[in-house]
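Biologist: I'd like to learn how to read aromatic pairs in a model. Could we walk through one together?

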Amino acid sequence: VDDYMIGGGAGLLMFPQPLDDSIKFLKEKDKNTHVIFLTPAGKKFNQNDAKRLSKKNHICFVCSRYEGLDERVVELWADEVFCIGDFVLTGGELPALCMSDAISRNIPGVLGNNMSLEVESFEDNLLEAPSFTKPDNFRSIFVVSEFLKGNHAKIHTLKNKMAHCKTRFFRPDLYQKLKPHK
């Protein structure tokens, strides 16, 4: 199902016909199948994409290998083209798994508690605030005492401030996208 590239170059490409036949077969079974190609040329996948795609009934991820596939298949069938980061892998299978996990956790009932989706990293361009468990003193590092007092309004405010600090430190690119706050 692969051959050398027209015009030369290292590596092999997947022939267009077998892939075209496969996608055509899927589309005949369900015309609403959403076809996603994974390639470095695609838009960077993000949390908003995961939420939006979780509403699709059927997604087909097309994962090439090594040098890729004949570009004409992408032109014919792609509903969307995504990339998961600025690096190169030997194939699209791992990006497809990452995207599948991010998408599926946004489908109602997949997570045991839907509240887990409410305060997540990347909501409003913030990372999630740090989390802690027992004991409140671990190796002389103490949990913020306000967390132990049970005042949920104060805890919420503190967590919001901590989310801003964490984002500013670890992801200044996200922090720059935040709306000015007082």
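Biologist: Let me start with one ring: is Phe82 buried or exposed?

Modeller: Keep in mind that this is a predicted model. Phe82 counts as buried, because its relative accessibility is 1% and the cut-off for buried is under 20%.

Biologist: And how do I describe a pair of rings?

Modeller: In general, you give the distance of the centres and the angle of the planes. Here the structure holds three aromatic pairs. One of them joins Phe45 and Phe82: the centres are 5.5 Å apart and the planes meet at 90 degrees, which is edge-to-face.

Biologist: Which parts of the chain does that pair tie together?

Modeller: Phe45 sits in the loop between β3 (34-44) and α2 (47-53), while Phe82 belongs to strand β5 (residues 80-83), so the contact ties together parts 37 residues apart in sequence. Phe45 counts as buried too, at 18% relative accessibility.

Biologist: What about Phe132 and Phe147, how are those rings arranged?

Modeller: That pair is tilted, with 5.9 Å centre to centre and 55 degrees between the planes. Phe132 comes from the loop between α4 (93-104) and β6 (137-138), and Phe147 from the loop between β7 (141-142) and α5 (152-170), so distant parts of the chain, 15 residues apart, are linked.

Biologist: How exposed are Phe132 and Phe147?

Modeller: Phe132 is partly exposed, at 44% relative accessible area, whereas Phe147 is buried at 17%.

Biologist: Which charged end sits over the ring of Phe147?

Modeller: That of Lys159, 5.7 Å from the ring centre.

Definitions and conventions
Residues are numbered from 1 along each chain as its sequence is written. This is a predicted model: local features need pLDDT of at least 70, side-chain atom pairs count only at pLDDT 80 or more; totals for chains, interfaces and linings use all residues. Side-chain values use heavy atoms; hydrogens and water are left out. Rings of Phe, Tyr and Trp (its six-membered ring) pair if their centres lie within 6.5 Å; planes under 30 degrees apart count as stacked, over 60 as edge-to-face and the rest as tilted. Helices (H or I, at least four residues) and strands (E, at least two) are DSSP runs, numbered from the N terminus. Buried means under 20% relative accessible area, exposed over 50%, partly exposed in between (1.4 Å probe, protein chains only). A charge sits over a ring if NZ of Lys or CZ of Arg is within 6 Å of the ring centre and within 35 degrees of the ring normal.
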